[in-house]
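Student: I am new to this structure. Can we go through it in short questions and answers?

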Amino acid sequence: MRSLALVVHRSFRKFEACADWLTGAAGPVFVLLCLFLVGVGVWTFFSTMFPYLAPFPPTLAKLVKTRSPIHIILGLLPALAQHPWLALRWVLALSGCAFIVYSIGYHYMMAVREPPGSVLDGLSDELGERRLGPGSEHWWQRHRRRAARESVVALRRRQHKSLQNEPPLPLAPPRATPAATTIAARVVSTVVDDDEADEAAESDDLFTIAKMCHKCPRVALWRALASLPPELREVERRLRSVKKVEQQQSHQHQRKSANGNGHHSPVDGWGQDQDTVQSARGETEDDIRAWLGDEADNLVPPPKPERTHHCSVCETCVLKFDHHCPWLNQCVGLGNERYFLLFMAWLSLGCFVVVCSGFPVVRQSISFGRWEYRYTPRVFVLLTYALCAIMGFALAVMSTWQALIIAWGETSVENSDNTHYREVCRRKNVAFTNVYDVGFLHNLELYFNVGAQSRHGYLSILAPWRIEPYSDGWHWAKTMGMGLAGRHEGISPDDELTDDEEQAQEDR
Ligand SMILES: [Zn+2]
Ligand SMILES: [Zn+2]
């Protein structure tokens with residue numbers, strides 16, 4: 001599967017490079033050409049191939065041919081009664097095909113229009129998915145709690161696995177037995193109670209790791225801090241106030257040694273700060289500016305949360321960056337990844353329907369017999385069929401591969417990174433575990449934001465609706481108990497690849 005996906009991916013990239021050149025050279029002409037091809041495809045399918053899928057009831061066809069509204073209205077019910085199953089099949093097939101066409105269009109539009117997620121602006125203004133201003137704390141807490149629950153489930157699975165793999169001790173100490181059996185009994189349970197979730201949410205494993213992007217344009221310090229989640233901003237604030245107290249102390253110490261009197265305890269300043277830290281949550285831009293003082297407008301590189309990558313085409317950092325897609329003319333990231341995958345899946349299903357139902361028409365079009373479709377030229381049928389067969393196969397491979405790496409808890413970039421990390425770990429002879437992998441099904445549930453902990457049901461995957469991502473771009477479900485908090489097992493910070501190294505790997 002991996003090598004097949006790689007071949008398809010490479011061919012796509014070559015094709016994309018040509019398309020890029022063409023869009024650069026032809027611009028609107030290329031867009032018009034695409035619209036023309038889609039239009040030709042839809043018209044050809046419904047006018048020639050669809051009747052093979054579900055023939056129009058002959059009695060109804062006769063009625064329509066009279067072209068008299070009164071005849072049609074009066075004769076509709078008797079005509080339907082003559083061929084009820086044929087009519088039902090026709091209606092169902094038509095609604096099914098119309099739904100597929102609509103879903104393809106909807107998911108493409110969403111993938112193009114929905115922002116992939118920016119570090120400074122969050123995900124989307126529409127749902128207030130921002131980390132700024134009063135009330136931001138509330139929805140962020142919900143994401144963290146969900147991540148914690150998934151982590152506990154993943155932890156149980158890990159413990160169960162290690163218990164199974166360990167050879168049984170001949171003389172086990174009596175104390176170890178009850179603990180082991182409790183864990184083994186609990187492993188089947190995916191229900192996590194609130195106390196457990198709270199405990200997990202407070203642990204170091206879920207702590208957010210933030211770096212800075214030196215490739216992005218610099219921003220004002222207050223803006224960079226305003227985009228941090230509350231708990232990280234709190235850390236920054238504490239550090240700054242400690243620094244301030246230390247500076248004051250050293251000044252006073254200098255004065256004291258000069259005057260020989262005066263006493264100040266470092267705890268005084270820290271105590272006052274602890275009180276004010278509590279009010280740091282839900283603070284506004286003005287509050288942040290106030291505690292930063294003169295430094296508020298200093299320019300700094302913007303923060304870069306984990307799973308964020310810098311896109312060299314868009315020249316910005318994208319949350320949970322997957323890849324830059326020329327077909328969408330933007331990146332695929334946290335905000336639009338769901339629509340991108342569903343677009344590929346629906347389009348390959350559409351192509352599959354065309355390939356299955358279109359064969360008799362194709363055979364007719366290449367024969368020298370009579371051509372019964374007055375408004376559809378033979379070349380339209382051949383073009384549509386050939387395009388659907390090639391695109392359908394390529395898209396099916398690509399979407400299956402994409403779904404697989406999602407189920408492994410990876411993005412496209414992380415997949416190539418993790419392949420490298422596995423190799424590094426193999427050389428060091430240590431085990432590698434992807435910290436974001438919380439189990440095959442759980443990863444998929446998180447990706448689509450469905451399942452027990454979400455307010456969306458499984459059926460919402462099929463619905464053309466806007467569904468917000470499970471994460472805010474900072475807080476992620478992680479496998480707990482991995483030693484180094486929040487990092488892949490087996491990989492030290494020095495082994496981690498930089499954006500440039502990732503790019504070099506991609507190009508290889
Ligand atoms: Zn950047
Ligand atoms: Zn991009």
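Student: Is Phe99 buried, partly exposed or exposed?
Tutor: This is a predicted model. The relative accessible area of Phe99 is 35%. Buried needs under 20%, and exposed needs over 50%. Phe99 therefore falls in between and counts as partly exposed.

Student: Is Trp346 buried or exposed?
Tutor: Trp346 has a relative accessible area of 11%. The cut-off for buried is under 20%. So Trp346 is buried.

Student: What kind of pair do the rings of Phe99 and Trp346 form?
Tutor: Their centres lie 5.5 Å apart, and their planes meet at 80°. Planes over 60 degrees apart count as edge-to-face. The pair of Phe99 and Trp346 is therefore edge-to-face.

Student: How many residues apart are Phe99 and Trp346?
Tutor: Phe99 sits in helix α5 (residues 84–113). Trp346 sits in helix α13 (residues 337–366). The pair links distant parts of the chain, 247 residues apart.

Student: Which residues does UniProt list for "transmembrane region"?
Tutor: The entry is unreviewed. Two of the listed spans are 87–108 and 339–362. In the model, residues 87–108 are 100% helix, with end C-alpha atoms 32 Å apart. The UniProt list reads 21–46, 87–108, 339–362 and 382–408.

Student: What kind of pair do Phe46 and Phe50 make?
Tutor: A search of the whole structure finds 12 aromatic pairs. In one of them, the rings of Phe46 and Phe50 have centres 5.8 Å apart and planes at 45°. Stacked needs under 30 degrees and edge-to-face over 60, so this pair is tilted.

Student: Why are Phe46 and Phe50 separated by about one helical turn?
Tutor: Both belong to helix α2 (residues 28–53). The turn follows because the two are 4 residues apart in that helix.

Student: Which residues coordinate the zinc ion (ligand 1)?
Tutor: The donor atoms are three SG atoms and one ND1 atom, at 2.0 to 2.3 Å. Along the chain the donors follow the spacing C-x2-C-x93-H-x6-C. They are Cys213, Cys216, His310 and Cys317.

Student: What is the geometry of the zinc ion site?
Tutor: The site has 4 donor atoms, with angles of 100 to 124° among them. Four donors count as tetrahedral if all angles lie between 85 and 135 degrees. The site is therefore tetrahedral.

Student: Which ring has the charged end of Arg307 over it, 4.9 Å from its centre?
Tutor: Arg307 also lies over the face of Tyr436, at 4.2 Å from the ring centre. The ring at 4.9 Å is that of Trp476.

How values were computed: Residues are numbered from 1 along each chain as its sequence is written. Chains are lettered from A and ligands numbered from 1 in the order in which they are written. This is a predicted model: local features need pLDDT of at least 70, side-chain atom pairs count only at pLDDT 80 or more; totals for chains, interfaces and linings use all residues. Side-chain values use heavy atoms; hydrogens and water are left out. Donors are N, O and S atoms within 2.8 Å of the metal (3.2 Å for Na, K and Ca); water is not among the atoms, so sites may look incomplete. Four donors count as tetrahedral if all angles lie between 85 and 135 degrees; four count as square planar and six as octahedral if opposite donors are over 155 degrees apart and all others between 65 and 115; anything else is irregular. UniProt positions are given in the numbering used here, feature names are shortened, and annotations may be inferred rather than shown by experiment. Rings of Phe, Tyr and Trp (its six-membered ring) pair if their centres lie within 6.5 Å; planes under 30 degrees apart count as stacked, over 60 as edge-to-face and the rest as tilted. Buried means under 20% relative accessible area, exposed over 50%, partly exposed in between (1.4 Å probe, protein chains only). A charge sits over a ring if NZ of Lys or CZ of Arg is within 6 Å of the ring centre and within 35 degrees of the ring normal.
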